[in-house]
Amino acid sequence: MAEKQFRDAIREAMVEEMRQDESIILMGEEVAEYNGAYKVTQGMYDEFGGKRIIDTPISELGFSGIGVGAAMNGLRPIIEFMTFNFAVVGLDQIINNAAKIRYMSGGQLSIPIVFRGPNASAGQLGATHSVAYESLYAHIPGLKVMYPSEPYDAKGMLKTAIRDNDPVIFLESEQMYGMKQEVPDEEYTIPLGVGKIKREGSDVTIVAHGKMYHLAQQAAKELAKDGIEAEIIDPRSMKPFDFKMVIESIKKTNRCVIVDESHPFAGMASEIGFIIQRDAFDYLDAPVQRVTIPDGPAPFSKHLFDLWLPNAKDIIDAVKTVTYRN
Amino acid sequence: MAKKADEAFTPTGMVYKSTTLPKPTRKKHKTLGLKDEQLPEIFRNMYLQRRFEERAAQMYQKGKYGGFLHLYIGQEAVSAATVTVLNDDDDIISAYRVHGMALARGTSPGACMAELFGKKTGCSKGKGGSMHFFDVERHFWGGHAIVGAHIPLGAGLAMANKYQKNGRIAICFFGDGAVDQGSLNETFNMAQLWKLPVIFVVENNGYSMGTAVERHSAGQLHKRGEAYDMKNGVANGMDLFSMIDTLNDVVKEVRETNEPYFLEVKTYRYRGHSMSDPGNYRTKEELEEFRTFDPIERLKDYIVKEKVATKKQLDEIVEEVEQEVLDAIEFAENSDFPDDSELFEHVYTQEDFPFHK
């Protein structure tokens, strides 16, 4: 099994699916001749040509909507956003059209479309380029939301997303594109809505997705030195969400920390926390804690940015709070 | 302090004559490729749209259903010409003033009325309502109520047609208010750049809700096409034959060249924007003037004058349509509301989606 970068895994998923389904097209800024702003689509234009790999103008609303219309009428578009921070310009097409037209038509049509691209912060890019959007999309009925943290998951999950007949928001990260992991060449898929226990432990459950998952692993290594064994759950799908896996883990550990790169107010962590208190109240030995970015925009200055972005130490502190070690 | 009109940003302080119609064509129906027997049927089509909406308004006022109700009355020549000229499998998508277009395409009056009533037998199973009629089997793709948001969808339908080389073209209708949206400009750019076989039609009825077109759009609407090198033109939407004449050319052009076209149709709605519209943004004289060339009366006069059918034959059609609409109301009233389980049906294609609670 070869080691592959996250970007290679994403590309392989798209290429393999496109080879076996003529109705799949890829649209976005710089995806074709430029070979992708982050080289995710490198070589795809050469293989599939301009009919299927389509460079768009900088018109997120326009090409998102054209994608939705094409999906209604028999194609299976993949829309790449250079980042999901730019998708905001086309949000009407995602929230009002992709998510709702099937419902409003009484099920007369389906919209098999994937909106994918990097999400959340990627260093000192300023406030408008640093937003984590998973909670916003997960809020909207009609959408499915996936957010892989590793190359292996990314490939299997993207294949599932592309084959799904509903609109899927597929979130990646600029900072994960270079990450390497063994990724099989053989066909495999990872189902929607199924999380994975990526580290077993008995003292605390850490729920962490996307880029935050890697911080959780760092924190767990440090905590082990202090004799605290963390169980790490990567939910992988944001919607539907594998609450069952989280609840079952808490029944064992009795403590939970949620790590989420969203803002704290009405973010993913809020919803996960609510479900835990409702469904696992009697199993908790401490109030659930969360680690998120603050309730404020991303700053530019390195000093402030480092303060803003969660780190492993924040997770360690939260774990020590729920284990009463502080 | 007096409000000075010359200091206002939006042109204000006067009532504009909202629309100036191009001269109607003088061509006879045979010149336009229409057979004698088609004319009474087109009359039936247009009158069905008219009578359906008059009755729908009555039912609304009686409190039979809620929501919004935007009537198309006055604009029926546009929809009738469209379904006459286009092939049945060409793709139509429209905005929220949509009853006429669905009925013209052949969606049954019963299914349309039931949709207004929110019944399970409605053309969108009671999930869409007045603004969201769908009949995908008839290549009628809705009913869209975020102004301008369906313009890219129209281009997307065309893109899929071109990709699949199926020979179909798409036609996308919107009101004059939608011309001001960014979605139109982004879509026009891509549709021209990508050479998509789609006809964009602005049904310029003179008013974006209560704002006269001169007050919301700079310049002539059809000329927006020129910024993108898109072919464009103007048609008289109050005259069936003029509409057919123009669409004959436009459809041929789009089908042959596989390139988009932007058509500005000058038309007029006799009723308010919605049911709660006092209409004080326009004059009674203007409304009366446009009533003098009611597209349905005009067609009726032509048919009788040219002896294509007798007045008696047309009166029979009127009677039949009247009954058809009454039957539609009865059908809607007697239909059931959607089952409780329908709340979560058709959100996803996935049947076992675990909805969050």
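Two residues are in contact if their C-beta atoms, placed from the backbone, lie within 7 Å. The model is predicted: local features need pLDDT of at least 70, side-chain atom pairs count only at pLDDT 80 or more, and totals for chains, interfaces and linings use all residues. Residues are numbered from 1 along each chain as its sequence is written, while chains are lettered from A and ligands numbered from 1 in the order in which they are written.

**Exercise 1. Describe the side of chain A that touches chain B.**

Step 1. Count the residues. Chain A gives 35 to the contact and chain B gives 37.

Step 2. Find the elements. Helices (H or I, at least four residues) and strands (E, at least two) are DSSP runs, numbered from the N terminus. On chain A, α3 (60-72), α5 (91-98) and α6 (101-104) each supply at least two residues. The largest share, 10 residues, is from α3(A).

Step 3. Sort by class. Ala, Val, Leu, Ile, Met, Phe, Trp, Tyr, Cys and Pro count as nonpolar, Asp, Glu, Lys and Arg as charged, and the others, Gly among them, as polar. This side of chain A has 14 nonpolar, 18 polar and three charged residues.

**Exercise 2. Work out how α3(A) packs against α5(A).**

Step 1. Take the geometry. Axes are lines fitted to C-alpha atoms, for helices over the stretch in contact, and angles run from 0 to 180 degrees between N-to-C directions. The angle is about 25°, and the axes lie 8 Å apart.

Step 2. Classify. The angle of about 25° makes α3(A) roughly parallel to α5(A) (under 35 degrees).

Step 3. List the residues. From α3(A), A:L61, A:S64, A:G65 and A:V68 meet A:D92, A:Q93, A:I94, A:N97 and A:A98 of α5(A). Four are nonpolar, four polar and one charged.

**Exercise 3. Locate the two domains of chain A and their contact.**

Step 1. Set the bounds, which come from an automatic or database domain assignment. Domain 1 is 2-183 and domain 2 is 196-322. Their C-alpha centres are 26 Å apart.

Step 2. Count the contact. It joins 23 residues of domain 1 to 21 residues of domain 2.

Step 3. Look at the domain 1 side. Here α7 (134-138), β6 (144-146) and α8 (151-163) each supply at least two residues. By class, this side has 12 nonpolar, eight polar and three charged residues.

**Exercise 4. Place strand β14 of chain A.**

Step 1. Find the neighbour. Strand β13 (residues 256-260) runs parallel to β14(A), joined by four bridges. A:V259 has A:V291 as its bridge partner.

Step 2. Check both faces. A:Q289 and A:V291 on one side, and A:R290 and A:T292 on the other, are all buried (20 or more other C-beta atoms within 10 Å of a residue's own).

Technical notes:
Angles under 35 degrees count as roughly parallel, over 145 as roughly antiparallel, 65 to 115 as roughly perpendicular and the rest as oblique. A residue is buried if 20 or more other C-beta atoms lie within 10 Å of its own, exposed if 12 or fewer, and partly exposed in between; C-beta atoms are placed from the backbone. Two strands pair if DSSP finds at least two bridges between them.
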